[in-house]
Amino acid sequence: MNGHRTDIESTFLEKVGKRRERVVVRSPGRVNLIGEHTDYNEGFVLPASVDKALVFVVSPRTDGMCYFYAADLRDEFSVPIFSIERTRKGWPNYLLGVIEEMKKMGFDVHGCDVVFGGDIPIGAGMSSSAAVECGFAFALNRLFDFGISRMDLVKLGQRSENNFVGLNCGIMDQFVNIFGEDKKVLKIDCRSLSYEYFPFERNDLAIVLCETEAKRSLASSEYNIRRQQCEAGVRVLQNHRAEIRSLRDVSPEFLKEHRDEMEPIVFRRCAYVVEENGRVLKACEDLHQNDFRSFGEQMYRSHSGLRDGYQVSSPDLDFLVESASSIDGVLGARMMGAGFGGCTINLVERESVDAFVDEMKGRYRQRTGRANNVYVTHIQSGTRLLPLIES
Ligand code: GLA
(Lines give C-alpha, C1' and ligand atoms only; values in the text may rest on other atoms or scores of the structure.)
Protein backbone atom coordinates (compact mmCIF):
# COMPACT_ATOMS: atom_id res chain seq x y z
CA MET A 1 0.00 0.00 0.00
CA ASN A 2 2.81 2.40 0.89
CA GLY A 3 4.24 1.73 -2.54
CA HIS A 4 0.96 2.77 -4.13
CA ARG A 5 0.71 5.81 -1.97
CA THR A 6 4.15 7.01 -3.06
CA ASP A 7 3.38 6.26 -6.69
CA ILE A 8 0.08 8.12 -6.64
CA GLU A 9 1.58 11.09 -4.83
CA SER A 10 4.39 11.36 -7.39
CA THR A 11 1.89 11.02 -10.23
CA PHE A 12 -0.10 13.82 -8.63
CA LEU A 13 3.03 16.01 -8.53
CA GLU A 14 3.73 15.25 -12.16
CA LYS A 15 0.18 15.77 -13.46
CA VAL A 16 -1.06 18.54 -11.17
CA GLY A 17 1.94 20.02 -9.37
CA LYS A 18 2.66 20.79 -5.74
CA ARG A 19 -0.44 21.59 -3.71
CA ARG A 20 -0.43 22.47 -0.03
CA GLU A 21 -4.16 22.04 0.34
CA ARG A 22 -4.94 18.42 -0.43
CA VAL A 23 -6.26 15.21 1.11
CA VAL A 24 -4.88 11.71 0.71
CA VAL A 25 -7.35 8.86 1.21
CA ARG A 26 -7.03 5.08 1.18
CA SER A 27 -10.12 3.25 -0.07
CA PRO A 28 -10.09 -0.57 0.01
CA GLY A 29 -11.62 -3.39 -2.00
CA ARG A 30 -13.71 -5.99 -0.20
CA VAL A 31 -14.31 -9.69 0.16
CA ASN A 32 -17.65 -11.19 1.07
CA LEU A 33 -17.50 -14.30 3.23
CA ILE A 34 -21.16 -15.18 2.70
CA GLY A 35 -24.50 -13.54 1.82
CA GLU A 36 -24.51 -12.97 -1.93
CA HIS A 37 -27.33 -11.14 -3.71
CA THR A 38 -29.10 -10.74 -0.40
CA ASP A 39 -28.37 -7.04 0.18
CA TYR A 40 -30.95 -5.66 -2.26
CA ASN A 41 -33.47 -8.10 -0.80
CA GLU A 42 -33.08 -6.42 2.60
CA GLY A 43 -31.22 -9.46 3.90
CA PHE A 44 -27.88 -10.16 5.61
CA VAL A 45 -24.29 -10.05 4.34
CA LEU A 46 -20.87 -10.73 5.88
CA PRO A 47 -18.16 -8.78 4.03
CA ALA A 48 -14.78 -7.34 5.08
CA SER A 49 -12.54 -4.62 3.67
CA VAL A 50 -9.11 -5.84 2.58
CA ASP A 51 -5.49 -4.93 1.92
CA LYS A 52 -6.00 -4.25 -1.78
CA ALA A 53 -6.87 -0.57 -2.07
CA LEU A 54 -6.98 2.63 -4.08
CA VAL A 55 -5.23 5.81 -3.02
CA PHE A 56 -6.76 9.20 -3.86
CA VAL A 57 -5.00 12.54 -3.82
CA VAL A 58 -7.52 15.37 -4.19
CA SER A 59 -7.00 19.15 -4.09
CA PRO A 60 -9.33 22.08 -4.78
CA ARG A 61 -9.26 24.26 -7.91
CA THR A 62 -10.50 27.80 -8.31
CA ASP A 63 -11.44 27.75 -12.00
CA GLY A 64 -14.51 25.50 -11.68
CA MET A 65 -12.92 22.61 -13.57
CA CYS A 66 -12.64 18.99 -12.47
CA TYR A 67 -9.55 17.13 -13.61
CA PHE A 68 -9.37 13.36 -13.04
CA TYR A 69 -6.37 11.12 -13.68
CA ALA A 70 -6.76 7.35 -13.37
CA ALA A 71 -3.16 6.23 -12.83
CA ASP A 72 -3.83 2.51 -13.47
CA LEU A 73 -5.49 3.25 -16.81
CA ARG A 74 -3.09 6.13 -17.62
CA ASP A 75 -6.11 8.07 -18.73
CA GLU A 76 -7.46 11.51 -17.92
CA PHE A 77 -10.72 13.39 -18.07
CA SER A 78 -11.73 17.03 -17.55
CA VAL A 79 -15.14 18.64 -17.18
CA PRO A 80 -16.52 21.94 -15.86
CA ILE A 81 -18.23 21.35 -12.52
CA PHE A 82 -21.45 23.03 -13.70
CA SER A 83 -21.99 20.81 -16.76
CA ILE A 84 -21.63 17.26 -15.56
CA GLU A 85 -23.06 14.57 -17.81
CA ARG A 86 -22.60 10.87 -18.16
CA THR A 87 -19.62 10.08 -20.39
CA ARG A 88 -19.09 7.20 -22.79
CA LYS A 89 -15.57 6.86 -21.48
CA GLY A 90 -16.90 4.75 -18.61
CA TRP A 91 -14.61 5.15 -15.59
CA PRO A 92 -15.17 8.92 -14.97
CA ASN A 93 -18.86 8.18 -14.35
CA TYR A 94 -17.99 6.65 -10.97
CA LEU A 95 -16.57 10.04 -9.92
CA LEU A 96 -19.08 12.24 -11.71
CA GLY A 97 -21.97 10.36 -10.08
CA VAL A 98 -20.58 11.26 -6.65
CA ILE A 99 -20.41 14.97 -7.52
CA GLU A 100 -23.95 14.85 -8.89
CA GLU A 101 -25.32 13.20 -5.77
CA MET A 102 -23.54 15.72 -3.54
CA LYS A 103 -25.02 18.56 -5.55
CA LYS A 104 -28.48 17.00 -5.19
CA MET A 105 -27.95 17.00 -1.43
CA GLY A 106 -27.38 20.75 -1.67
CA PHE A 107 -23.60 20.81 -1.25
CA ASP A 108 -21.61 23.40 -3.12
CA VAL A 109 -18.98 21.16 -4.74
CA HIS A 110 -16.07 23.12 -6.20
CA GLY A 111 -13.70 22.15 -8.97
CA CYS A 112 -10.88 19.80 -8.02
CA ASP A 113 -7.85 17.86 -9.19
CA VAL A 114 -8.04 14.13 -8.56
CA VAL A 115 -5.36 11.50 -9.08
CA PHE A 116 -6.11 7.95 -8.01
CA GLY A 117 -4.97 4.36 -8.48
CA GLY A 118 -3.94 1.23 -6.63
CA ASP A 119 -4.02 -2.54 -6.73
CA ILE A 120 -7.68 -3.60 -6.57
CA PRO A 121 -8.09 -5.82 -9.60
CA ILE A 122 -10.85 -4.44 -11.87
CA GLY A 123 -13.69 -6.86 -12.63
CA ALA A 124 -12.48 -9.42 -10.10
CA GLY A 125 -15.56 -9.05 -7.91
CA MET A 126 -13.71 -7.10 -5.18
CA SER A 127 -15.75 -3.97 -5.79
CA SER A 128 -13.26 -1.54 -7.21
CA SER A 129 -16.31 0.53 -8.19
CA ALA A 130 -17.44 1.13 -4.59
CA ALA A 131 -13.81 1.90 -3.73
CA VAL A 132 -13.80 4.65 -6.36
CA GLU A 133 -17.19 6.06 -5.33
CA CYS A 134 -16.68 5.99 -1.58
CA GLY A 135 -13.00 6.94 -1.65
CA PHE A 136 -13.81 10.00 -3.73
CA ALA A 137 -16.90 10.93 -1.70
CA PHE A 138 -14.88 10.60 1.51
CA ALA A 139 -12.10 12.79 0.07
CA LEU A 140 -14.47 15.56 -1.11
CA ASN A 141 -16.28 15.49 2.21
CA ARG A 142 -12.99 16.13 4.03
CA LEU A 143 -11.58 18.58 1.52
CA PHE A 144 -14.64 20.83 1.51
CA ASP A 145 -15.70 20.15 5.11
CA PHE A 146 -19.23 19.14 4.21
CA GLY A 147 -19.76 17.20 7.42
CA ILE A 148 -21.56 14.29 5.71
CA SER A 149 -21.93 11.35 8.13
CA ARG A 150 -20.35 7.99 7.36
CA MET A 151 -23.77 6.41 6.83
CA ASP A 152 -24.75 9.15 4.40
CA LEU A 153 -21.50 8.63 2.49
CA VAL A 154 -22.46 4.97 2.12
CA LYS A 155 -25.89 5.86 0.76
CA LEU A 156 -24.49 8.55 -1.49
CA GLY A 157 -21.98 6.07 -2.97
CA GLN A 158 -24.78 3.60 -3.66
CA ARG A 159 -27.03 6.23 -5.22
CA SER A 160 -24.26 7.44 -7.49
CA GLU A 161 -23.85 3.89 -8.82
CA ASN A 162 -27.63 3.41 -9.17
CA ASN A 163 -28.37 6.75 -10.78
CA PHE A 164 -25.26 7.61 -12.72
CA VAL A 165 -23.52 4.34 -13.57
CA GLY A 166 -26.83 2.52 -14.01
CA LEU A 167 -26.20 -0.60 -11.92
CA ASN A 168 -29.00 -1.15 -9.46
CA CYS A 169 -26.58 -2.46 -6.83
CA GLY A 170 -27.39 -3.03 -3.18
CA ILE A 171 -25.62 -1.35 -0.28
CA MET A 172 -23.08 -3.98 0.82
CA ASP A 173 -20.00 -2.77 -1.07
CA GLN A 174 -20.27 0.88 -0.14
CA PHE A 175 -21.15 -0.03 3.45
CA VAL A 176 -18.12 -2.20 4.07
CA ASN A 177 -15.88 0.22 2.20
CA ILE A 178 -16.68 2.92 4.77
CA PHE A 179 -17.35 0.84 7.91
CA GLY A 180 -14.78 -1.97 7.47
CA GLU A 181 -12.33 -2.52 10.33
CA ASP A 182 -8.99 -4.23 10.74
CA LYS A 183 -9.21 -7.99 11.31
CA LYS A 184 -13.02 -7.99 11.55
CA VAL A 185 -15.85 -9.10 9.33
CA LEU A 186 -18.97 -6.98 9.27
CA LYS A 187 -22.43 -8.47 9.51
CA ILE A 188 -24.85 -5.99 7.96
CA ASP A 189 -28.61 -6.11 8.26
CA CYS A 190 -29.44 -4.50 4.92
CA ARG A 191 -32.94 -3.58 6.07
CA SER A 192 -32.27 -1.70 9.30
CA LEU A 193 -28.65 -0.90 8.34
CA SER A 194 -27.59 -2.01 11.79
CA TYR A 195 -24.26 -3.83 11.87
CA GLU A 196 -22.07 -5.98 14.05
CA TYR A 197 -18.35 -6.77 13.92
CA PHE A 198 -16.99 -10.28 14.35
CA PRO A 199 -13.25 -10.75 15.02
CA PHE A 200 -11.76 -12.71 12.16
CA GLU A 201 -8.17 -12.93 13.15
CA ARG A 202 -6.99 -16.48 12.96
CA ASN A 203 -3.35 -17.39 12.65
CA ASP A 204 -4.32 -20.85 11.48
CA LEU A 205 -6.69 -19.77 8.66
CA ALA A 206 -6.31 -17.69 5.52
CA ILE A 207 -8.69 -16.11 3.03
CA VAL A 208 -7.47 -16.93 -0.46
CA LEU A 209 -8.92 -15.52 -3.67
CA CYS A 210 -8.68 -17.36 -6.99
CA GLU A 211 -9.41 -15.20 -10.00
CA THR A 212 -10.87 -16.25 -13.31
CA GLU A 213 -9.81 -13.96 -16.09
CA ALA A 214 -13.36 -13.54 -17.27
CA LYS A 215 -14.36 -9.91 -16.86
CA ARG A 216 -17.94 -9.70 -15.71
CA SER A 217 -19.46 -8.45 -18.94
CA LEU A 218 -22.85 -10.05 -18.35
CA ALA A 219 -22.96 -8.94 -14.79
CA SER A 220 -24.82 -5.66 -14.99
CA SER A 221 -27.69 -6.70 -17.26
CA GLU A 222 -28.16 -10.05 -15.51
CA TYR A 223 -27.86 -8.36 -12.13
CA ASN A 224 -30.75 -6.05 -12.84
CA ILE A 225 -32.80 -9.02 -14.16
CA ARG A 226 -32.21 -10.95 -10.92
CA ARG A 227 -33.49 -7.98 -8.96
CA GLN A 228 -36.65 -7.85 -11.05
CA GLN A 229 -37.22 -11.59 -10.58
CA CYS A 230 -36.99 -11.22 -6.80
CA GLU A 231 -39.44 -8.32 -6.93
CA ALA A 232 -41.83 -10.41 -9.06
CA GLY A 233 -41.75 -13.13 -6.39
CA VAL A 234 -42.45 -10.59 -3.65
CA ARG A 235 -45.50 -9.28 -5.54
CA VAL A 236 -47.00 -12.79 -5.69
CA LEU A 237 -46.43 -13.30 -1.97
CA GLN A 238 -47.87 -9.90 -1.11
CA ASN A 239 -51.23 -11.11 -2.44
CA HIS A 240 -51.31 -13.38 0.59
CA ARG A 241 -49.68 -11.18 3.19
CA ALA A 242 -49.78 -7.48 2.46
CA GLU A 243 -47.11 -6.77 5.10
CA ILE A 244 -44.40 -8.56 3.10
CA ARG A 245 -41.95 -5.93 1.86
CA SER A 246 -39.10 -8.04 0.60
CA LEU A 247 -37.79 -11.63 0.59
CA ARG A 248 -36.43 -10.88 4.04
CA ASP A 249 -39.98 -11.33 5.34
CA VAL A 250 -40.43 -14.75 3.78
CA SER A 251 -39.81 -18.17 5.34
CA PRO A 252 -38.80 -21.17 3.19
CA GLU A 253 -42.12 -22.84 4.07
CA PHE A 254 -44.27 -19.89 3.08
CA LEU A 255 -42.40 -19.58 -0.20
CA LYS A 256 -42.96 -23.27 -0.96
CA GLU A 257 -46.68 -23.01 -0.24
CA HIS A 258 -46.99 -20.50 -3.08
CA ARG A 259 -44.57 -22.11 -5.47
CA ASP A 260 -47.19 -22.89 -8.10
CA GLU A 261 -48.30 -19.29 -8.34
CA MET A 262 -45.02 -18.07 -9.74
CA GLU A 263 -42.86 -18.77 -12.77
CA PRO A 264 -40.50 -21.66 -11.93
CA ILE A 265 -37.51 -19.39 -12.53
CA VAL A 266 -38.87 -16.76 -10.14
CA PHE A 267 -39.39 -19.44 -7.49
CA ARG A 268 -35.82 -20.66 -7.90
CA ARG A 269 -34.40 -17.14 -7.51
CA CYS A 270 -36.50 -16.47 -4.42
CA ALA A 271 -35.68 -19.82 -2.85
CA TYR A 272 -31.98 -19.11 -3.21
CA VAL A 273 -32.26 -15.71 -1.48
CA VAL A 274 -34.38 -17.02 1.38
CA GLU A 275 -31.94 -19.89 1.99
CA GLU A 276 -28.87 -17.66 1.70
CA ASN A 277 -30.19 -15.37 4.43
CA GLY A 278 -30.51 -18.44 6.66
CA ARG A 279 -26.94 -19.43 5.82
CA VAL A 280 -25.54 -16.03 6.82
CA LEU A 281 -27.23 -16.27 10.21
CA LYS A 282 -25.94 -19.81 10.65
CA ALA A 283 -22.44 -18.72 9.62
CA CYS A 284 -22.51 -15.94 12.24
CA GLU A 285 -23.48 -18.49 14.90
CA ASP A 286 -20.57 -20.59 13.71
CA LEU A 287 -18.26 -17.62 14.26
CA HIS A 288 -19.56 -17.27 17.81
CA GLN A 289 -18.84 -20.96 18.35
CA ASN A 290 -15.47 -20.75 16.60
CA ASP A 291 -16.70 -23.54 14.33
CA PHE A 292 -14.95 -22.86 11.05
CA ARG A 293 -15.76 -26.30 9.62
CA SER A 294 -19.45 -25.53 9.75
CA PHE A 295 -18.74 -22.00 8.49
CA GLY A 296 -16.96 -23.50 5.47
CA GLU A 297 -19.93 -25.81 4.85
CA GLN A 298 -22.19 -22.76 4.59
CA MET A 299 -19.83 -21.34 1.97
CA TYR A 300 -20.06 -24.49 -0.15
CA ARG A 301 -23.84 -24.47 0.12
CA SER A 302 -23.92 -20.83 -0.84
CA HIS A 303 -22.00 -21.66 -3.99
CA SER A 304 -24.37 -24.50 -4.93
CA GLY A 305 -27.28 -22.09 -4.55
CA LEU A 306 -25.60 -19.41 -6.67
CA ARG A 307 -24.82 -22.01 -9.33
CA ASP A 308 -28.13 -23.88 -9.50
CA GLY A 309 -30.78 -21.59 -8.06
CA TYR A 310 -29.63 -18.04 -8.76
CA GLN A 311 -27.60 -19.09 -11.81
CA VAL A 312 -24.94 -16.39 -11.63
CA SER A 313 -21.89 -18.67 -11.58
CA SER A 314 -19.78 -19.66 -14.59
CA PRO A 315 -18.09 -22.91 -15.65
CA ASP A 316 -14.69 -21.52 -14.59
CA LEU A 317 -15.97 -20.47 -11.16
CA ASP A 318 -17.59 -23.89 -10.67
CA PHE A 319 -14.36 -25.54 -11.70
CA LEU A 320 -12.38 -23.50 -9.15
CA VAL A 321 -14.80 -24.30 -6.33
CA GLU A 322 -14.88 -27.98 -7.17
CA SER A 323 -11.08 -28.12 -7.41
CA ALA A 324 -10.70 -26.34 -4.08
CA SER A 325 -13.07 -28.77 -2.38
CA SER A 326 -10.80 -31.68 -3.28
CA ILE A 327 -7.65 -30.11 -1.82
CA ASP A 328 -6.52 -30.83 1.75
CA GLY A 329 -6.93 -28.02 4.24
CA VAL A 330 -9.76 -26.22 2.44
CA LEU A 331 -12.73 -25.55 4.73
CA GLY A 332 -14.99 -23.74 2.29
CA ALA A 333 -15.11 -22.14 -1.15
CA ARG A 334 -17.61 -20.22 -3.25
CA MET A 335 -17.90 -17.67 -6.02
CA MET A 336 -17.87 -14.11 -4.71
CA GLY A 337 -19.65 -10.92 -5.75
CA ALA A 338 -22.17 -10.38 -8.51
CA GLY A 339 -21.02 -13.43 -10.51
CA PHE A 340 -20.46 -14.40 -14.16
CA GLY A 341 -16.72 -14.15 -13.61
CA GLY A 342 -14.57 -12.47 -11.01
CA CYS A 343 -13.11 -14.72 -8.34
CA THR A 344 -13.77 -17.40 -5.76
CA ILE A 345 -13.18 -16.95 -2.05
CA ASN A 346 -11.60 -19.86 -0.17
CA LEU A 347 -11.11 -20.49 3.52
CA VAL A 348 -7.86 -22.44 3.84
CA GLU A 349 -5.84 -23.77 6.77
CA ARG A 350 -2.68 -21.69 6.97
CA GLU A 351 -0.33 -24.67 6.78
CA SER A 352 -1.93 -25.75 3.49
CA VAL A 353 -1.92 -22.34 1.82
CA ASP A 354 1.29 -22.66 -0.23
CA ALA A 355 0.28 -26.04 -1.59
CA PHE A 356 -3.24 -24.74 -2.27
CA VAL A 357 -1.98 -21.75 -4.27
CA ASP A 358 0.33 -23.92 -6.41
CA GLU A 359 -2.31 -26.57 -6.98
CA MET A 360 -5.03 -24.09 -7.94
CA LYS A 361 -2.79 -22.23 -10.36
CA GLY A 362 -1.67 -25.51 -11.93
CA ARG A 363 -5.20 -26.81 -12.35
CA TYR A 364 -6.47 -23.57 -13.82
CA ARG A 365 -3.63 -23.43 -16.32
CA GLN A 366 -4.22 -27.05 -17.27
CA ARG A 367 -7.89 -26.36 -17.91
CA THR A 368 -7.68 -23.03 -19.72
CA GLY A 369 -4.09 -22.86 -20.97
CA ARG A 370 -3.78 -19.53 -19.16
CA ALA A 371 -2.44 -18.29 -15.86
CA ASN A 372 -4.66 -16.80 -13.16
CA ASN A 373 -3.97 -14.83 -9.99
CA VAL A 374 -4.35 -16.61 -6.68
CA TYR A 375 -3.60 -14.61 -3.54
CA VAL A 376 -4.00 -14.46 0.20
CA THR A 377 -5.88 -11.37 1.40
CA HIS A 378 -5.82 -9.73 4.80
CA ILE A 379 -8.66 -7.82 6.40
CA GLN A 380 -7.80 -4.15 6.79
CA SER A 381 -9.73 -1.06 7.77
CA GLY A 382 -12.28 0.70 5.55
CA THR A 383 -11.74 4.09 3.88
CA ARG A 384 -9.50 6.39 5.93
CA LEU A 385 -7.66 9.66 5.62
CA LEU A 386 -3.88 9.19 5.38
CA PRO A 387 -1.66 11.72 7.15
CA LEU A 388 0.03 14.18 4.81
CA ILE A 389 3.75 13.80 4.32
CA GLU A 390 5.28 17.22 3.70
CA SER A 391 8.22 17.16 1.34
C1 GLA B 1 -22.37 -6.49 -6.30
C2 GLA B 1 -23.26 -5.40 -5.73
C3 GLA B 1 -23.64 -5.68 -4.28
C4 GLA B 1 -24.18 -7.10 -4.10
C5 GLA B 1 -23.28 -8.12 -4.80
C6 GLA B 1 -23.89 -9.50 -4.81
O7 GLA B 1 -21.13 -6.51 -5.66
O8 GLA B 1 -22.60 -4.15 -5.79
O9 GLA B 1 -24.57 -4.72 -3.85
O10 GLA B 1 -25.50 -7.19 -4.53
O11 GLA B 1 -23.00 -7.77 -6.13
O12 GLA B 1 -24.00 -9.99 -3.52
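The legends below describe close-up views of a predicted model.

**View 1. The open sheet of six strands.** The strand order is β5-β4-β6-β3-β1-β13, with mixed pairing. β5 and β13 (384-386) are the edge strands, each paired on one side only. From one strand to the next the twist averages 25°. Helix α5 lies across β1 (23-32), β3 and β13, and runs at about 125° to β1.

**View 2. Pairing of β3 with β6 inside the sheet order.** Strand β3 (residues 47-60) and strand β6 (residues 112-118) run antiparallel and are joined by seven bridges. V57 has V115 of β6 as its bridge partner.

**View 3. The loop between β4 and β5.** R74 lies in the loop that links β4 (65-70) and β5 (75-80). Most residues other than glycine have a negative phi. R74 is not a glycine, yet its phi is positive, about 50°. The relative accessible area of R74 is 70%, which is over the 50% cut-off, so R74 counts as exposed.

**View 4. The approach to β7 and the β7-β8 hairpin.** K183 is placed in the loop between α5 (172-179) and β7. Though not a glycine, K183 has a positive phi of about 60°. With a relative accessible area of 42%, K183 is partly exposed. Beyond this loop, strand β7 (residues 184-189) pairs with strand β8 (residues 195-199) in the antiparallel sense over five bridges. L186 stands opposite Y197 in β8. Five residues lie between the strands of this hairpin, and L193 takes a positive phi near 60° there.

**View 5. Helix α9 from end to end.** Helix α9 covers residues 292-309. At its start, a side-chain oxygen of D291 comes to within 3.3 Å of the backbone nitrogen of R293. The 18 residues of the helix should span 26 Å at 1.5 Å a residue, and the end C-alpha atoms, 25 Å apart, agree with this. After α9 comes Q311, with a positive phi near 50°.

**View 6. The buried residues of helix α9.** The buried residues of α9 include F292, F295, M299, Y300 and L306. Also buried in this helix are S294, Q298, S302 and H303, along with the glycines G296, G305 and G309. Packing against the buried residues of α9 involves the strands β9 (205-211), β10 (330-335) and β11 (343-349). The helices α8 (264-289) and α10 (315-325) are also packing partners of these residues.

Terms used
Residues are numbered from 1 along each chain as its sequence is written. This is a predicted model: local features need pLDDT of at least 70, side-chain atom pairs count only at pLDDT 80 or more; totals for chains, interfaces and linings use all residues. Side-chain values use heavy atoms; hydrogens and water are left out. Two strands pair if DSSP finds at least two bridges between them. Helices (H or I, at least four residues) and strands (E, at least two) are DSSP runs, numbered from the N terminus. Buried means under 20% relative accessible area, exposed over 50%, partly exposed in between (1.4 Å probe, protein chains only). Axes are lines fitted to C-alpha atoms, for helices over the stretch in contact, and angles run from 0 to 180 degrees between N-to-C directions. Contact means heavy atoms within 4.5 Å. The expected span of a helix is 1.5 Å times one less than its number of residues. A polar contact is a pair of N or O atoms within 3.5 Å; within protein, one must be able to donate a hydrogen and the other to accept it, and residues adjacent in sequence count only if both atoms are side-chain atoms.
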